[in-house]
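Thanks for coming, everyone. Please put the structure up on the screen, and keep the sequence open beside it.

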Amino acid sequence: MSASPAAGRPRDPDVDKRVTRAAVELFGSQGWAGFSVEAVARRAGVGKASIYLRWPSKEALLVGALADRVPPVADVDTGTLRGDLVRLARQLLEMHLGPSGRAFERMGLDASQLPGVAERWERHREAQVRAARAMVRRGIERGEIAADTPVTLLLDTLCGGVALHVSSTPERLRPDIDVEGYAERLVTFLLRSVE
């Protein structure tokens, strides 16, 4: 005997996208203090019931939206340390400057208040550290930089340089940041310091 089709109107596949986008935008602009299912529903143009059919709580909604809309840093192997670090810098810049950039920054600020977000933030941070260290280890193995290169200092400088560049650029000028050019210049500067 086959299962009977679900009663009622079929779900709109676009609702998940609109809701996760609205949730990430709202969290990015208001933080956890200003985050509510009602505000997300209003921003997404859906009813609260549509949200609660998909996520059991506002924390589950936020964690799901962040998982969907804020991707972790990827370990990219271009064949050279320089190419890998440029890609890493570009990924970080795009993460900060992209449509989910404010939410990414808020994750770090509000994580201590929310276990699910703290877990997501920790996974994000760990993925970034693993990817970045793998890139530098490959560079050392290929003989591109010395084995005694201070890996943590190199990566702190790259990641910190990206974060400071974005945070010190006025909001109105952020769309004008030359992501590729800045990533290239930053990595060139860093690699000159360890050659």
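I will go from the whole chain down to single residues.

One caution to start. What you see is a predicted model.

Let's take the overall picture. The protein chain has nine helices and zero strands. Read it along the sequence and you get α-α-α-α-α-α-α-α-α. Its C-alpha atoms fill a box of roughly 65 × 50 × 30 Å, taken along the principal axes.

How much of the chain is buried? Of its 195 residues, 42% are buried. The chain exposes about 10700 Å², and 54% of that comes from carbon and sulfur atoms. Now contacts. Take those with a separation of 6 or more in the protein chain: 67% of them join residues 24 or more positions apart.

Next, the record. UniProt, in an unreviewed entry, lists residues 13-73 as "domain: HTH tetR-type". In the model, that span is 74% helix and 0% strand. Its end C-alpha atoms lie 27 Å apart. The unreviewed entry in UniProt also lists residues 36-55 as "DNA-binding region". Here the chain is 75% helix and 0% strand, with end C-alpha atoms 13 Å apart.

Now single residues. Start with threonine 20, in helix α1, residues 13-30. Is threonine 20 buried or exposed? Its relative accessible area is 4%, so it is buried. And what does it touch? Leave out residues up to four places away in sequence, and threonine 20 touches Trp55, Ala65, Asp68 and Arg69.

On to the rings. How many aromatic pairs does a search of the whole structure find? Three. One of them is tryptophan 32 with phenylalanine 35. Their ring centres are 5.6 Å apart and their planes meet at 15°, so this pair is stacked. Tryptophan 32 and phenylalanine 35 are both buried.

Look at another pair, phenylalanine 104 and tryptophan 121. The centres are 5.5 Å apart, but the planes are at 50°, so this pair is tilted. It links distant parts of the chain. Phenylalanine 104 is in helix α6, residues 101-110, while tryptophan 121 is in helix α7, and 17 residues separate them. Phenylalanine 104 has 6% relative accessibility, so it counts as buried. Tryptophan 121 has a relative accessible area of 24%. Why is that partly exposed and not buried? Because buried means under 20%, and 24% falls between that and the 50% cut-off for exposed.

Go back to tryptophan 32. Ring pairs link it with Phe27 and Phe35 into a cluster. A charge comes in as well. The charged end of lysine 58 sits over the ring of tryptophan 32, 4.4 Å from the ring centre.

Now glutamate 59. You find it in helix α4, residues 58-69. Its relative accessible area is 25%, so it is partly exposed. Not counting residues up to four places away in sequence, glutamate 59 touches Trp32, Leu114, Pro115, Gly116 and Val117. So tryptophan 32 turns up again, as a contact of glutamate 59. Phenylalanine 35 is 24 residues from glutamate 59 along the chain, and their C-alpha atoms are separated by 9.3 Å.

Compare alanine 33. This residue is in the loop between α1 and α2, where α2 is 37-44. Is alanine 33 buried or exposed? Exposed, with a relative accessible area of 81%. Now count along the sequence: alanine 33 and aspartate 110 are 77 residues apart. In space, C-alpha to C-alpha, they are 9.2 Å apart.

Last stop, threonine 149. Where is it? It is in the loop between α7, 115-141, and α8, 151-168. With a relative accessible area of 8%, threonine 149 is buried. Which backbone oxygen lies 2.6 Å from a polar atom of its side chain? The one of alanine 146.

A quick recap to close. The chain is nine helices and zero strands. Phe27, Trp32 and Phe35 form a ring cluster, and the charged end of lysine 58 sits over the ring of tryptophan 32. Phenylalanine 104 and tryptophan 121 pair up from helix α6 and helix α7. Threonine 20 is buried in helix α1, and threonine 149 is buried in a loop. Thank you.

How values were computed:
Residues are numbered from 1 along each chain as its sequence is written. This is a predicted model: local features need pLDDT of at least 70, side-chain atom pairs count only at pLDDT 80 or more; totals for chains, interfaces and linings use all residues. Side-chain values use heavy atoms; hydrogens and water are left out. Helices (H or I, at least four residues) and strands (E, at least two) are DSSP runs, numbered from the N terminus. Buried means under 20% relative accessible area, exposed over 50%, partly exposed in between (1.4 Å probe, protein chains only). A polar contact is a pair of N or O atoms within 3.5 Å; within protein, one must be able to donate a hydrogen and the other to accept it, and residues adjacent in sequence count only if both atoms are side-chain atoms. Rings of Phe, Tyr and Trp (its six-membered ring) pair if their centres lie within 6.5 Å; planes under 30 degrees apart count as stacked, over 60 as edge-to-face and the rest as tilted. A charge sits over a ring if NZ of Lys or CZ of Arg is within 6 Å of the ring centre and within 35 degrees of the ring normal. Contact means heavy atoms within 4.5 Å. UniProt positions are given in the numbering used here, feature names are shortened, and annotations may be inferred rather than shown by experiment. Accessible areas come from the Shrake-Rupley method with a 1.4 Å probe; for residues, only the protein chains shown count as cover.
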